[in-house]
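Got the viewer open and a selection box ready? Let's walk through this one stop by stop.

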Amino acid sequence: MFAERTAHGVTYMTAPNIEATHAFTIRIGGVSGGVYATMNLGINRGDDPSRVRENYDIICRVLCIRAGDIVCSRQVHGKNVRVVTREDCGDVCTPSPCEADGLITNEPGVALMVFTADCVPILLHDSQKGVIAAIHAGWRGTAMDIAGEAVRKMAKIFGCDNIQAAIGPCISKCCFETDKDVQEALYDALGEEAGYCIESLGDKFMVDLKEANRLLLIRAGVRDIAVSDECTACLPEKYWSHRRMGTERGSQAAIIAMRGSKL
């Protein structure tokens with residue numbers, strides 16, 4: 001089970017199998033107001049930049065990391081996974097020029113962050129090799145197997161063969177009604193196994209992106225996988241949800257950094 005933790009007035013979620021410092025943030029505990037209340041980490045949502053920066057300061061204090069040690073990217077719903085170093089760290093409140101939906105590092109002290117508001121956040125950690133990854137998987141990224149791409153890159157570049165994975169809070173099957181294009185894309189990715197994560201409702205389909213990514217991680221060789229049971233669309237008081245709130249909303253983040261101990 002994922003655990004709900006609170007420190008310095010900030011509540012966040014952690015996975016039971018990730019030993020690196022990490023958090024799946026929720027919308028409680030920041031300083032933003034109005035439609036962005038209160039823990040908004042989205043830098044391009046229209047929120048007051050000074051409040052977003054203060055939110056970063058708060059969550060960084062909770063995790064004992066520095067905002068200047070974070071690497072993030074411009075997410076484009078693709079499958080590009082980048083290996084990053086300390087040279088890629090920058091001002092978290094300045095939009096990144098780098099397009100990627102997955103980040104990997106083996107540098108201690110470097111924190112990786114991806115943003116979501118219904119899409120699937122996935123954190124990966126090989127404690128033996130000292131490698132971490134953060135993945136943003138919308139339905140397009142899921143269909144392109146970005147999670148498997150990250151696992152294979154970790155194995156090829158760093159020799160990772162004992163990866164723990166955590167699939168964080170995101171929209172669940174109960175709320176993710178789609179058209180046929182999503183169903184077809186997932187069948188292309190998973191073959192007949194897609195039937196385990198798709199329910200047909202005539203010309204509409206209820207899709208379980210958590211299960212799709214779990215199956216793709218298993219295909220990539222990952223066996224230790226924790227999956228959050230919470231749906232971002234079902235819990236708008238706790239999570240930002242694009243499906244529920246539209247474009248006037250904040251973003252939560254999944255953050256991971258190697259610090260040697262579990263939160």
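**First stop: the strand in the middle of things**

Select histidine 22 and isoleucine 256 together: in β15, the bridge partner of histidine 22 is isoleucine 256. Before you go on, note that this is a predicted model, where local features need pLDDT of at least 70, side-chain atom pairs count only at pLDDT 80 or more, and totals for chains, interfaces and linings use all residues. Residues are numbered from 1 along each chain as its sequence is written, and side-chain values use heavy atoms, with hydrogens and water left out.

Now colour β3 (21-25) and β15 (252-257). These two run antiparallel and are joined by four bridges. The strand labels follow DSSP: strands are E runs of at least two residues, helices are H or I runs of at least four, and both are numbered from the N terminus. Two strands count as paired if DSSP finds at least two bridges between them.

Next, add β7 (residues 111-116), which pairs with β15 in the antiparallel sense over six bridges. Which residue of β15 stands opposite methionine 113? Isoleucine 255 does. For another pair, pick alanine 111, whose bridge partner in β15 is alanine 257.

Stay on β15 and show its side chains. Gln252, Ala254 and Ile256 point one way, while Ala253, Ile255 and Ala257 point the other. That fits the usual pattern: in a regular strand the side chains alternate between the two faces of the sheet. Are the residues of β15 buried or exposed? Six of its six residues are buried, with buried meaning under 20% relative accessible area, exposed over 50%, and partly exposed in between (1.4 Å probe, protein chains only).

**Zoom out: the six-stranded sheet**

Select the whole sheet. It is open, has six strands in the order β1-β2-β3-β15-β7-β4, and its pairing is mixed. At the edges you'll find β1 (3-7) and β4 (70-71), each pairing on one side only. As a reminder, strands of a sheet pair through backbone hydrogen bonds, either parallel or antiparallel.

**Backbone oddities**

Pick alanine 37 and threonine 38 and check the peptide bond between them: it is cis, with omega at about -5 degrees. Threonine 38 lies in the loop between β3 and α1 (49-63).

Then go to cysteine 64, in the loop between α1 and β4. Its phi is positive, about 60 degrees, although cysteine 64 is not a glycine. This residue is exposed, with a relative accessible area of 60%.

Histidine 77 gives you another positive phi of about 60 degrees on a residue that is not a glycine. Look for histidine 77 in the loop between β4 and β5 (81-83). At 35% relative accessibility, histidine 77 counts as partly exposed.

**Over to glutamine 183 and the three-stranded sheet**

Select glutamine 183 in helix α4 (residues 180-190). Glutamine 183 is buried, with a relative accessible area of 13%. What does glutamine 183 touch, not counting residues up to four places away in sequence? The answer is Thr178, Ile198 and Phe205, where a contact means heavy atoms within 4.5 Å.

Two of those neighbours make a good next selection: threonine 178 stands opposite phenylalanine 205 in β13. Two bridges join β11 to β13 (residues 204-207), and these strands run antiparallel. Show the full sheet and you get three strands in the order β11-β13-β12, open and with antiparallel pairing. β11 (177-178) and β12 (198-201) each have a single partner strand, so one side of each is left without a neighbour in the sheet.

**Last stop: the whole protein**

Reset the view and select everything. The protein has six helices and 15 strands. Its radius of gyration is 17 Å, close to the 18 Å that the globule rule gives for 263 residues, so it is as compact as a globular protein of that length. That radius is taken over C-alpha atoms, and the rule is 2.2 Å times the number of residues to the power 0.38. Draw a box along the principal axes, and the C-alpha atoms fill roughly 45 × 45 × 35 Å.

Colour by burial, and 57% of the 263 residues count as buried. For a contact map, residues 24 or more positions apart account for 66% of the contacts with a separation of 6 or more.
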